[in-house]
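User: I would like a close look at one part of this model, with the reasoning spelled out.

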Amino acid sequence: MTVLCTSDPDASKAAASLSASTKYPGANEYRAYIQDNQGFSNAETFNEDTAYYFTISPNAFAEALDRFSQLFISPLFDKDYVEQELHAVDSESKGNLQDIVDQENSVIRSLLDSSHPAAKYDCGNMNTLSSDTLDIREEVIKLYRKYYSADIMKLAIISNHSMDDLIEWAVSKFSEIKSLGDTRPDPLPSPYDV
């Protein structure tokens, strides 16, 4: 795993970028800990990557890093939580319908090679992510087992803690993330070749 540690004595918050785990099994335990310590957490999915991140009060940073790392080391994939995230994605999709940037992207997608993944709807909703024959939880587990590998993950840590502390926490808390080798898919051809 590539790790970037930044020690900034003037930082008023601490942050890391990368729900429930076997070590912290409460469905909302991670989020509750972050919020209880003046923090914020979120995730964003892009065409080829997903970024997970949080900010938190520096005095709660070490424990938050441990909780965060466990999401990648031993996630539970609780069926109810997967369903809750499915509804969150659907809500985000509905909210984007009036977004001008999303509308522009839709026009661009219509001009691409229709067989290319970039030409497909890129957010997901209850219709595109649900199926009577598909177990979404099992699909999420397959994705995790295939792509969540230390070889292709990057971790950035910013805090007012010492560089020695940040390095020690990065090593001690994230070294258990399994290395599956380079699991990135082969690059796709240009979507503009129509």
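Is Arg67 buried or exposed, judged by its relative accessibility? Please go on from there to the salt bridges and the helix contact around this residue.

Analyst: In this predicted model, Arg67 counts as buried, because its relative accessibility is 10%, which falls under the 20% limit for that class. Its salt-bridge partner Glu63, with the closest N and O atoms 2.7 Å apart, counts as partly exposed at 35% relative accessibility. Glu63 and Arg67 are four residues apart in helix 2, so about one helical turn separates them. The pair also belongs to a wider arrangement, since Glu29, Glu63 and Arg67 are linked in a network of salt bridges.

The surroundings of this network are given by the packing of two helices. The axes of helix 1 (residues 29-36) and helix 2 (residues 61-73) come within 10 Å and cross at roughly 155°, and the two helices are therefore roughly antiparallel to each other. The crossing in which helix 1 passes helix 2 is left-handed. On the side of helix 1 the contact is made by Glu29, Tyr30, Tyr33 and Ile34, which meet Glu63, Ala64, Arg67, Phe68 and Leu71 of helix 2. Sorted by class, this contact holds six nonpolar residues, three charged ones and no polar ones.

A salt bridge in helix 3 can be set beside it: Asp90 and Lys94 lie there four residues apart, about one turn of the helix, and their closest N and O atoms are 3.1 Å apart. Asp90 is buried, with a relative accessible area of 9%, whereas Lys94 counts as exposed at 54%.

Note on methods: Residues numbered from 1 in each chain as written. Predicted model: local features only at pLDDT ≥ 70, side-chain atom pairs only at ≥ 80, totals over all residues. Heavy atoms only, no water. Axes fitted to C-alpha atoms, helices over the stretch in contact; angles between N-to-C directions. Parallel < 35°, antiparallel > 145°, perpendicular 65-115°, else oblique. Left-handed = near helix turned anticlockwise from the far one by under 90°. Contact = heavy atoms within 4.5 Å. Nonpolar A, V, L, I, M, F, W, Y, C, P; charged D, E, K, R; others polar. Salt bridge = Lys/Arg side-chain N within 4 Å of Asp/Glu carboxyl O. Buried < 20%, exposed > 50% of the residue type's maximum accessible area, 1.4 Å probe, protein only.
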